[in-house]
Amino acid sequence: MDSILIRAAGPLSGTIPISGAKNAALPLMIASMLTDEPVLLENMPRLADVEALTAILSNHGVDVQVRGKREGDSTTTGRRLEFRAKTIVDTTAPYELVRKMRASFWVIGPLLARCGVAKVSLPGGCAIGTRPIDLFIDGLEALGVEIDIDAGYVNAKAPAGGLKGGHFTFPKVSVGATHVMLMAASLANGQTVIENAAREPEVTDVAECLVSMGAKISGIGTSTLTIDGVSSLHGTTHSVLPDRIETGTFAACVAMTGGDVLLAGARPELLRNALDVLEATGTQVGYESDGLRISRSGDRIAPIDFTTEPFPGFPTDLQAQFMALATRADGVSTVKETIFENRFMHVQELARLGADISIDGQTATVTGVKRMSGAQVMATDLRASMSLVIAGLVADGETQVNRVYHLDRGFELLEEKLSGVGADIERVSGD
Ligand code: UD1
């Protein structure tokens, strides 16, 4: 199994191109199942999760074609992938495929909308908590769907004549369940109103793509979405928005090492809250026409306090990376995780590098240390893995991050991007 080796190499400088957002790319791919016409997605990141979802969609009959590069495209320019779900050949999403990626459960929305039935494996738990599906079930029931759970599968059936518009208020914000409701309601009969919907920029990106496919959605970007169902959707071309989590992650890298890096293509409005926390560490954030310039000089990283919340709050997907930054702060920081239970698995790995962190329930208290030393550590989940890379950028000696398949799920060309700005990082084959 591959691992990543990192040695401290001083301040980072140069330019890192920001990729298309994984968390938009995946639901956009799934949304392509809502029409029998081609959906061309541009700025698609090269990620293991995109490959895995491609296999899952193929199983349902979606044809996927890689479209050619255009003049001026570089190795880091996102790919252009065309998805065409001319006919849905299978309405079952089997356990072997769904267990690999929770987001593949979301095919339940288009399957119900297009075919009226879906049999989708329960996604199961994962390293960062139990991640139930109650909100999906309650939401779909509000559209008239009958649901029965049996032998590890969700069997769902739309009413005769198709999904019915309905009114649903989420008791808790869920990104995935909002995606599914948007997709299903777009092809339902009549009007659907979703309250307390997720406002994450990736939800907005998917909603905008659906509108370009002919969906009638209002309230995009707010917590109340109104969808007037249409009888069919058509093909479109849509460019995936820049990845705010990748942006915040590389910003944390620069804050950790010091230096001056342009995050090309990054959009500040996608992560205002995280940028405010970053500035509180003493890191400068420059807003430029072609991206965000992150710079820090001098030794001191000021301590920070932050709480993860649904958008526009601080994103849970940046919690581990900012905690890594806090391990070197000049003082005590507090980090509160409110989205997922058990999302502190990186703490024990950071401790192996010399971090001083204690946990009490949902809150981690991080006492900054002057020095950390490289060690072997294990990636536990996608974002947590990056916290170990960030710590490795300043730890003495060599840090070896094992189980890097987690990183490959969500960070495109990671070693290339970081070594391009002066980091000493390489991938080694583990066999
Ligand atoms: C998405 C993101 C993930 C991010 C998360 C929160 C993708 C591919 N993944 O995950 O990177 O960390 O949003 O911003 O976009 N919940 C329930 N019942 C449900 C569904 C969810 O209780 O039926 C809970 C979850 O356990 C969690 C919270 O709601 O505690 C938020 O989860 P949700 O927003 O649904 O996360 P995902 O969509 O799975």
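## Exercises on a predicted model

With 431 residues, the protein would be expected to have a radius of gyration near 22 Å if it were a compact globule, and its value of 22 Å agrees. Keep in mind that this is a predicted model. Let's work through it together.

### Exercise 1: Overall dimensions and burial

Task: Describe the box that the C-alpha atoms fill, and find what percentage of the residues count as buried.

Solution:
- Step 1. Along the principal axes, the C-alpha atoms fill a box of roughly 65 × 50 × 45 Å.
- Step 2. Of the 431 residues, 55% count as buried.
- Step 3. Now turn to the contacts with a separation of 6 or more: residues 24 or more positions apart account for 74% of them.
- Step 4. For the secondary structure, count 14 helices and 24 strands.

### Exercise 2: The nonpolar cores

Task: Find which residues have the most contacts inside the largest nonpolar core, then list what Leu210 touches beyond four places in sequence.

Solution:
- Step 1. The largest nonpolar core has 77 residues, and Ile108 and Leu210 have the most contacts inside it.
- Step 2. Setting aside residues up to four places away, Leu210 touches Ala31, Leu34, Leu182, Met183, Ser186, Ala215, Ile217 and Leu233.
- Step 3. There is also a second, separate core of 67 residues, which includes Leu271, Ile304, Ala391 and Ala423.

### Exercise 3: Two hairpins

Task: Work out the sense in which β8 and β9 pair, then do the same for β20 and β21.

Solution:
- Step 1. β8 (residues 146-150) and β9 (residues 153-157) are antiparallel, with 5 bridges. Asp150 stands opposite Tyr153 in β9.
- Step 2. These strands form a hairpin with 2 residues between them, and Ala151 in the turn has a positive phi of about 50 degrees.
- Step 3. β20 (residues 356-360) and β21 (residues 363-367) also run antiparallel, joined by 5 bridges. Here Asp360 stands opposite Thr363 in β21.
- Step 4. This hairpin has 2 residues between its strands, and Gly361 takes a positive phi near 60 degrees.
- Step 5. Back at Tyr153, look at the ring: Lys119 lies over its face, at 4.9 Å from the ring centre.

### Exercise 4: An aromatic pair and its helix

Task: Classify the geometry of the Phe306 and Phe322 pair and locate each partner in the secondary structure.

Solution:
- Step 1. The structure holds 5 aromatic pairs. Phe306 and Phe322 form one with 6.1 Å centre to centre and 80 degrees between the planes.
- Step 2. Planes over 60 degrees apart count as edge-to-face, and that is the class of this pair.
- Step 3. Phe306 belongs to strand β18 (residues 305-307) and Phe322 to helix α10 (residues 319-326), 16 residues apart.
- Step 4. Buried means under 20% relative accessible area. Phe306 has 5%, so it is buried; Phe322 has 1%, so it is buried too.
- Step 5. Phe314 joins Phe306 and Phe322 in one aromatic cluster.
- Step 6. Look along α10: 8 of its 8 residues are buried. Among them are Gln319, Gln321 and Met323.

### Exercise 5: A serine in a loop

Task: Decide whether Ser174 is buried or exposed, and name its contacts beyond four places in sequence.

Solution:
- Step 1. Find Ser174 in the loop between β10 (167-169) and α6 (175-186).
- Step 2. Its relative accessibility is 12%, so Ser174 counts as buried.
- Step 3. Leaving aside neighbours within four places, Ser174 is in contact with Leu135 and Ala198.
- Step 4. Finally, try a C-alpha distance: Ser174 and Ile133 are 41 residues apart along the chain, with their C-alpha atoms separated by 9.9 Å.

Notes. Residues are numbered from 1 along each chain as its sequence is written. This is a predicted model: local features need pLDDT of at least 70, side-chain atom pairs count only at pLDDT 80 or more; totals for chains, interfaces and linings use all residues. Side-chain values use heavy atoms; hydrogens and water are left out. A nonpolar core is a set of buried Ala, Val, Leu, Ile, Met, Phe, Trp, Tyr and Cys residues joined through side-chain atoms within 4.5 Å. Buried means under 20% relative accessible area, exposed over 50%, partly exposed in between (1.4 Å probe, protein chains only). Contact means heavy atoms within 4.5 Å. Two strands pair if DSSP finds at least two bridges between them. Helices (H or I, at least four residues) and strands (E, at least two) are DSSP runs, numbered from the N terminus. Rings of Phe, Tyr and Trp (its six-membered ring) pair if their centres lie within 6.5 Å; planes under 30 degrees apart count as stacked, over 60 as edge-to-face and the rest as tilted. A charge sits over a ring if NZ of Lys or CZ of Arg is within 6 Å of the ring centre and within 35 degrees of the ring normal. The radius of gyration is taken over C-alpha atoms; the globule rule is 2.2 Å times the number of residues to the power 0.38.
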